[in-house]
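Visitor: Could you take me on a close look at one part of this model, the annotated binding positions and the strands and helix around them? I would enjoy one connected walk through it.

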Amino acid sequence: AGKRTEIRPFGPQAIADAAALIRAGQTVAVPTETVYGLAADATNARAVARIYEAKGRPSFNPLIVHVPDLAAAARLGQLSEEARALAEQHWPGPLTLVVPLAPDSPVASLVTAGLPTIALRVPAHPAMRALLEASGRPLAAPSANASGRISPTRAEHVLASLEGRIALVIDGGPSAHGLESTIVAFTGGAPRLLRPGPIEIPEAALVEASLVEAPGMLASHYAPAKPLRLNATDRRQGEWLIGFGEVGGDVSLSPSGNLGEAAARLFDLLHQADAGPRPAIAVAPVPDIGVGRAINDRLARAAAPRP
Ligand code: TXA
Ligand code: MG
């Protein structure tokens, strides 16, 4: 803490410097297609501990490990036929699979918080892919925000909660999806949806998971500092209203009612509302279909009573 955090635009030199930091056991914030991640070498326990320190994250909450491809994933975890089929359909992309840990997995046990399972993702964003290649390490990377806060979809959001706590942020502009990856568990029995996200999984294939199964899915999470009212169709005194479709608001997730646009803008508008002058936030109703389900999942958590 107390040191300056550098922001560098995504490019070859920034990636080379970031890779050197990773290999030296440091953390680096890097854009992905979902949200910005705080990356460290997943095989280095000391480096992984720095992620938990920077975020103030409870160490029982395991991290997602990012790898360049399916073959690399299969060295860290045991993917069933079914898991492989889903991976082949969506990787690289915003899908995370929780699978049994491989017997000889080189990943530090702090990454999985001691669980016999591991969360794996092959990201699509060129910056994260370049960092994987340049560092040659599997990268543990949770969202690059202080624990319990809104996930970052811009480099500035990372600074808002981690300034002085990390050495470097690579700036790749706003995240394309704006919501964290869909998480599906293949750990025996039917596959389970642990977190709804940008990728929709056919209902028939899934059982809804209990909240305890993904330790990070605590009811209050993704929370702004200010109180948040949901399904608002009007602005009450002291509120900053975030609209959608017909509900105009002070700003809008999507004036035309487009859910993909709303997902990409959600965290940015929550960050802005939190930083703005009004003491409370209200958000218009968002239809609970398609990626709207992931949006409503995040909004419900943002509005939940704080621990
Ligand atoms: O889009 C994303 O997934 C972003 C980007 C950076 O890749 N990462 C992300 O990581 O959202 P994080 O740490 O904020 O969320 C990881 C979630 C948590 O809810 C955690 O509990 C769950 O994944 N998780 C990780 N390993 C698990 C495991 N072995 N079993 C069950 N849940 C697990
Ligand atoms: Mg997170």
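Guide: Thr117 sits in strand β6, which covers residues 117–121. In this predicted model, Thr117 is buried, because 20 other C-beta atoms lie within 10 Å and 20 is enough to count as buried. Setting aside neighbours within four places in sequence, Thr117 is in contact with Val98, Val99, Pro100, Leu101, Thr112 and Thr187. Thr117 also appears in an unreviewed UniProt entry, which gives "binding site" for Arg57, Asn61, Thr117, Ser143, Ser151, Arg195 and Tyr222.

Let us go on to another member of that list, Ser143, which is placed in the loop between β7 and α6. Ser143 counts as buried, with 26 C-beta neighbours inside 10 Å. Beyond four places in sequence, Ser143 touches Val35, Tyr36, Gly37, Ser151, Pro152 and Glu180; one of these, Ser151, carries the "binding site" annotation from UniProt as well.

The loop between β7 (139–140) and α6 (155–162) also holds Ala141. Ala141 is buried, with 27 C-beta neighbours inside 10 Å. Its contacts, leaving aside residues within four places in sequence, are Gly37, Leu38, Ala39, Leu63, Ile64 and His66.

Ala141 and His66 bring us to another "binding site" group from the unreviewed UniProt entry: Thr34, His66, Arg121, Ala141 and Ser181. These residues span 148 residues in sequence, yet no two of their C-alpha atoms are more than 12.7 Å apart, so they gather at one spot.

Thr34, from this group, lies in the loop between β2 (28–30) and β3 (37–41). With 29 C-beta neighbours inside 10 Å, Thr34 counts as buried. Apart from residues up to four places away in sequence, Thr34 touches Pro94, Ser175, His177, Leu179, Glu180, Ser181 and Pro198. Ser181 in that set is itself among the annotated positions, and Glu180 is a contact of Ser143 too.

Now for the strands on either side of the Thr34 loop. A hairpin of 6 residues joins β2 to β3, and the two strands run antiparallel with 3 bridges between them. Across this pairing, Ala29 stands opposite Leu38 in β3. On β3, 5 of the 5 residues are buried, so the strand is largely enclosed by the rest of the structure. β3 also runs antiparallel to β7, joined by 2 bridges, and Asp41 has Leu139 in β7 as its bridge partner.

These strands lead into the nonpolar interior. The largest nonpolar core has 64 residues, and those with the most contacts inside it are Ala29, Val30, Val65, Leu97, Leu131 and Ala140. A second, separate core of 30 residues includes Ala223, Val247, Phe267 and Ala282. Back in the largest core, Val65 is in contact with Ala42, Leu76, Val107, Val111, Ile118, Ala119, Leu120, Pro138, Leu139 and Ala140, once neighbours within four places in sequence are left aside.

Next comes β9. Both of its faces are covered: Thr182 and Val184 are buried on one side, and Ile183 and Ala185 are buried on the other. β9 runs parallel to β5, with 4 bridges joining them, and Thr96 has Ile183 as its bridge partner in β9. β9 also pairs with strand β10 (residues 192–195), in the antiparallel sense and over 3 bridges. There, Ile183 stands opposite Arg195 in β10, and Arg195 is another of the positions that UniProt annotates as "binding site". The hairpin of β9 and β10 has 6 residues between the strands, and Gly188 in this hairpin takes a positive phi near 115 degrees.

β5 and β9 also meet helix α4. In α4 (residues 81–90), Ala83, Leu86, Ala87 and His90 are buried. Seen down the axis of α4, the buried residues fall within an arc of 100 degrees, so they line one face of the helix. Glu81, Ala85, Glu88 and Gln89 are exposed on the other side of α4. The cover over the buried residues of α4 includes α3 (70–76), β5 (95–100) and β9 (182–185).

A word on confidence to finish: the chain has a mean pLDDT of 92, with 93% of its residues reaching 70 or more. The model scores ipTM 0.98 and pTM 0.90. Where pLDDT is low, the predicted coordinates should not be read in detail.

Definitions and conventions
Residues numbered from 1 in each chain as written. Chains lettered and ligands numbered in written order. Predicted model: local features only at pLDDT ≥ 70, side-chain atom pairs only at ≥ 80, totals over all residues. Buried ≥ 20, exposed ≤ 12 C-beta atoms within 10 Å, placed from the backbone. Arc of directions from axis to C-beta. Contact = placed C-beta atoms within 7 Å. pLDDT = per-residue confidence, 0-100. UniProt positions renumbered as here; feature names shortened; annotations may be inferred. Pairing = 2+ DSSP bridges. Core = buried A, V, L, I, M, F, W, Y, C linked by C-beta atoms within 7 Å.
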